[in-house]
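Grab a coffee and open the viewer. Here are some short exercises, each with a worked solution to check yourself against.

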Amino acid sequence: MTSAPRRPRRPAGPPADPALAALCAVVDDLTAGTHAMGELMLEVAPAYLSDTDAADVLAPLCEAIGEELEQGLAARRYAMSGDRRAHGTVL
């Protein structure tokens, strides 16, 4: 069995390079916003629903807030798993 490649972990402390520290802060803000949106999606479409069933429920909400349905579903998966890869991009 082949395991998935391990992602490098970010060092515990802040980066020494100020530009890299600023970029890390932006990524952290994006991650927090995505998680918050995912929690909203979970309130409307609980975790026990499949993506297919959740899509039916979330489509009107995503349309109302101007979000792509796929992004809403991905944020929902991220809120359920905590895995940044669930969002569809590496955050």
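The exercises below go from the overall fold to helix packing, salt bridges and a surface patch, and the model they use is a predicted one.

**Exercise 1. Work out how many helices and strands the protein chain has, and in what pattern they come.**

Solution. Start with the count: the secondary structure comes to three helices and zero strands. Next, read along the sequence, and the pattern is α-α-α. To round off the overview, look at burial: of the 91 residues in the protein chain, 24% are buried.

**Exercise 2. Decide how helix 2 and helix 3 are arranged, and which hand their crossing has.**

Solution. First find the two elements: helix 2 covers residues 51-65 and helix 3 covers residues 69-81. Their axes are 9 Å apart, and the packing angle is about 120 degrees. Now classify that angle. Roughly perpendicular stops at 115 degrees, and roughly antiparallel needs over 145. Helix 2 and helix 3 are therefore oblique to each other. As for the hand, their crossing is right-handed.

**Exercise 3. Do the same for helix 1 and helix 2: what is the crossing angle, and what do you call it?**

Solution. Helix 1 runs over residues 18-44. The axes of helix 1 and helix 2 come within 10 Å and cross at roughly 135 degrees. Apply the cut-offs from before, and helix 1 and helix 2 come out as oblique to each other, too. Helix 1 passes helix 2 in a right-handed crossing.

**Exercise 4. Track down the salt bridges and say which residues they link.**

Solution. The count comes to two salt bridges. Take Asp 51 and Arg 76: their side chains meet at 3.2 Å, N to O. This pair links distant parts of the chain, with Asp 51 in helix 2 and Arg 76 in helix 3, 25 residues apart. Then there's Arg 77, whose side chain meets Asp 51 at 2.5 Å, N to O. Arg 77 lies in helix 3 and Asp 51 in helix 2, so this pair ties together parts that are 26 residues apart in sequence. Put the two together and you have a network of salt bridges linking Asp 51, Arg 76 and Arg 77.

**Exercise 5. Sort the members of that network: which are buried and which are partly exposed?**

Solution. The cut-off for buried is under 20% relative accessible area. Arg 76 has 0%, so Arg 76 is buried. Asp 51 has 30%, which means partly exposed. Arg 77, with 27%, is partly exposed as well.

**Exercise 6. Name the residues in the nonpolar surface patch, then classify Val 26.**

Solution. The patch is made by Leu 20, Leu 23, Val 26 and Leu 30, and its area is about 360 Å². Val 26 lies in helix 1. Its relative accessibility is 45%, so Val 26 counts as partly exposed. Exposed would take over 50%.

Technical notes: Residues numbered from 1 in each chain as written. Predicted model: local features only at pLDDT ≥ 70, side-chain atom pairs only at ≥ 80, totals over all residues. Heavy atoms only, no water. Patch = residues over 30% accessible without salt bridge, like charges linked within 9 Å, V, L, I, M, F, W, Y side chains within 5 Å. Areas by Shrake-Rupley, 256 points an atom, 1.4 Å probe, with all protein chains shown as cover. Salt bridge = Lys/Arg side-chain N within 4 Å of Asp/Glu carboxyl O. Helix = DSSP H or I, 4+ residues; strand = E, 2+ residues; numbered from the N terminus. Buried < 20%, exposed > 50% of the residue type's maximum accessible area, 1.4 Å probe, protein only. Axes fitted to C-alpha atoms, helices over the stretch in contact; angles between N-to-C directions. Parallel < 35°, antiparallel > 145°, perpendicular 65-115°, else oblique. Left-handed = near helix turned anticlockwise from the far one by under 90°.
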